[in-house]
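Here are some short exercises to work through with the model open beside you. Try each task before you read its solution.

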Amino acid sequence: MESKSHFEPDVVYETFKQVWARSSEERGPKEETDDAAMAEAEPVVEVIANAAGGPSKKPRSTTANANALKLTCEVLKLFLTETVQRAAMVAEAEGSTQIEGSHLERILPQLLLDF
């Protein structure tokens, strides 16, 4: 029996696409230099980087495999489930019946180290 994820892969993929688009906008076009020596050395570095499997200057769209999206949804579900469980334990120890921001603040450092 397969458990249904609480996150839709399509929503996760759209989120990834927005982050990828934003990060490519922040990087912007490569800065041009006026130095002639740097201009001559640049193609050599580019050839070496491409030969070594480094990033090329060819624009490519970033995609995510369907299985990767499913696994990402599962990791998000597990992460949030663990977050709520730990915060609930802290809230219960304090005698509270609701999880508040202070409970999350107390568990997040260790939670992030665990994941």
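**Exercise 1.** Decide whether Glu74 is buried, partly exposed or exposed.

*Solution.* Start with the cut-offs: buried means under 20% relative accessible area, exposed means over 50%, and partly exposed lies in between (1.4 Å probe, protein chains only). Glu74 has 27% relative accessibility, so it counts as partly exposed. Now try Lys77: at 12% relative accessibility, Lys77 counts as buried.

A word on the source: this is a predicted model, in which local features need pLDDT of at least 70 and side-chain atom pairs count only at pLDDT 80 or more, while totals for chains, interfaces and linings use all residues. Residues are numbered from 1 along each chain as its sequence is written, and side-chain values use heavy atoms, with hydrogens and water left out.

**Exercise 2.** Find what joins the side chains of Lys77 and Glu74, and where the two residues lie.

*Solution.* First, recall that a salt bridge is a side-chain nitrogen of Lys or Arg within 4 Å of a carboxyl oxygen of Asp or Glu. The side chains of Lys77 and Glu74 form one, at 3.6 Å from N to O. Next, place them: both are in helix H3, three residues apart, about one turn of the helix. Helices here are DSSP runs (H or I, at least four residues), numbered from the N terminus. An α-helix has 3.6 residues a turn, so residues three or four places apart point the same way.

**Exercise 3.** Which residues share a salt-bridge network with Asp114?

*Solution.* Begin with the direct partner: Asp114 pairs with Arg86, their closest N and O atoms being 2.7 Å apart. This pair links distant parts of the chain, since Asp114 is in helix H4 and Arg86 in helix H3, 28 residues apart. Then follow the shared partners, and Glu82, Arg86 and Asp114 come together in one network.

**Exercise 4.** Check whether the span of helix H4 agrees or disagrees with its number of residues.

*Solution.* The expected span is 1.5 Å times one less than the number of residues. With 14 residues (101-114), H4 should span 20 Å, and its end C-alpha atoms are 20 Å apart, which agrees.

**Exercise 5.** Name the buried residues of H4 and one helix that covers them.

*Solution.* The buried residues of H4 are His103, Ile107 and Leu111. Their cover includes helix H3 (66-93).

Note on methods: Contact = heavy atoms within 4.5 Å.
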